[in-house]
Amino acid sequence: MRYIEPHAHMVSRTTADYEALALAGCKAVNEPAFWAGFDRASAQGFYDYFRQITEYEPKRAAKFCIRHFCWLCINPKEAEDPGLAREVLALIPEFLAKPGVLGIGEIGLNKNSRNELQILEEHIQLAEDHGQLVLVHTPHLEDKLKGTKLIIDALKNHPAIDPGRVIIDHVEEHTAPLVKDAGFWSGMTLYPESKVTPNRAIDMLEMFGTDRVWMNSACDWGVSDPLSVPKAALEMRRRGYDDAFIDKVVFQNPAEFMGQSPKFDLG
Ligand SMILES: [Zn+2]
């Protein structure tokens with residue numbers, strides 16, 4: 001089986017995880033910029049992080065024949081400090097020229113605060129100014145529906161942003177139709193303890209179809225499973241889905257979305 005892991009925080013994972021991904025058939029990973037488990041003290045911390053995901057991780061992935069792509073932003077949690085956020089935003093354009101950078105992400109909202117919304121708006125403008133793809137994080141639990149609506153409204157305020165070039169991640173049953181009806185791509189995050197289980201994700205494919213959707217592990221420094229995408233593929237097989245169905249969901253769809261950037265290729 002071949003697949004793409006379209007949302008993984010590999011800076012938090014071991015080299016053995018890269019090997020496990022490769023053995024399961026992973027051809028490429030997407031690494032959106034996110035919270036590192038602690039708040040960084042200055043923009044310099046983000047400069048070093050951007051160097052890590054644009055220069056070092058691609059080399060670590062290449063040892064296992066995996067292509068590594070990344071996305072840049074200041075995540076919504078640390079965007080609560082607008083002064084810091086604007087210093088980080090100013091660093092991003094020089095990194096957009098790097099070979100593996102596919103777009104701006106994962107931007108979005110965490111607590112749906114006024115500061116987060118302002119910085120989300122500035123990221124969308126940055127994506128528009130530089131013609132970048134966009135990868136969006138939606139809030140957890142009780143904040144998810146309201147946050148998803150706020151994010152869709154913010155994106156729609158930019159008519160130059162094509163919804164087909166934006167993926168809204170961490171959708172659940174109550175937010176997937178909003179995202180789909182507005183023309184955006186949807187990401188389903190498979191987590192062992194929270195978010196969506198493989199069975200719920202497959203139920204959603206049955207409810208909402210297999211167009212403009214991908215599955216990811218969003219594996220990071222917390223309780224998460226870097227192999228959750230191939231495990232979901234196994235679950236699809238148990239339900240009787242064939243190779244063509246599985247390949248569309250776990251390989252062709254992410255390749256189609258990422259392929260909108262001229263920098264995407266599988267080598
Ligand atoms: Zn993430």
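## Close-up views of a predicted model

**View 1. What packs over helix α8.** The cover over the buried residues of α8 includes β1, α1 (15-24), α7 (198-208), β8 and α9. As with every view here, this is a predicted model. Within α8 itself, which runs over residues 228-238, the buried positions are Ser 228, Val 229, Pro 230, Ala 232, Ala 233 and Met 236. A handy reminder while you look: an α-helix has 3.6 residues a turn, so residues three or four places apart point the same way. Follow the chain just past α8 and you meet Gly 240, whose phi is positive, at about 100°.

**View 2. Val 250 and the nonpolar core.** Which residues does Val 250 touch, leaving aside those up to four places away in sequence? They are Tyr 3, Ile 4, Met 215, Val 229 and Ala 233. Two of these, Val 229 and Ala 233, are among the buried residues of α8. Val 250 also belongs to the largest nonpolar core, a set of 76 residues. It is listed there with Leu 72, Val 134, Val 166, Ala 201 and Met 215 as having the most contacts inside the core. Helix α9 (residues 243-258) gives this core its largest share, six residues.

**View 3. The eight-stranded sheet.** Here the strands form an open sheet with parallel pairing, in the order β1-β2-β3-β4-β5-β6-β7-β8. At the edges sit β1 (3-5) and β8 (213-216), each paired on one side only. From one strand to the next, the twist averages 25°.

**View 4. Strands β6 and β7 side by side.** Zoom in on β6 (residues 166-168) and β7 (residues 185-189), and you will find them paired in the parallel sense over two bridges. Ile 167 stands opposite Trp 185 in β7.

**View 5. Helix α4 over the sheet.** Helix α4 (residues 114-130) lies across two strands, β4 (101-108) and β5 (133-137). Its direction is at about 160° to that of β4.

**View 6. Stepping back to the whole chain.** To place the close-ups, picture a chain with nine helices and eight strands. Its radius of gyration is 17 Å, close to the 18 Å that the globule rule gives for 267 residues, so the chain is as compact as a globular protein of that length. The C-alpha trace spans about 50 × 40 × 35 Å along its principal axes. Of the 267 residues, 45% are buried. Among contacts with a separation of 6 or more, 73% join residues 24 or more positions apart.

How values were computed
Residues are numbered from 1 along each chain as its sequence is written. This is a predicted model: local features need pLDDT of at least 70, side-chain atom pairs count only at pLDDT 80 or more; totals for chains, interfaces and linings use all residues. A nonpolar core is a set of buried Ala, Val, Leu, Ile, Met, Phe, Trp, Tyr and Cys residues joined through C-beta atoms within 7 Å. A residue is buried if 20 or more other C-beta atoms lie within 10 Å of its own, exposed if 12 or fewer, and partly exposed in between; C-beta atoms are placed from the backbone. Helices (H or I, at least four residues) and strands (E, at least two) are DSSP runs, numbered from the N terminus. Two residues are in contact if their C-beta atoms, placed from the backbone, lie within 7 Å. Two strands pair if DSSP finds at least two bridges between them. Axes are lines fitted to C-alpha atoms, for helices over the stretch in contact, and angles run from 0 to 180 degrees between N-to-C directions. The radius of gyration is taken over C-alpha atoms; the globule rule is 2.2 Å times the number of residues to the power 0.38.
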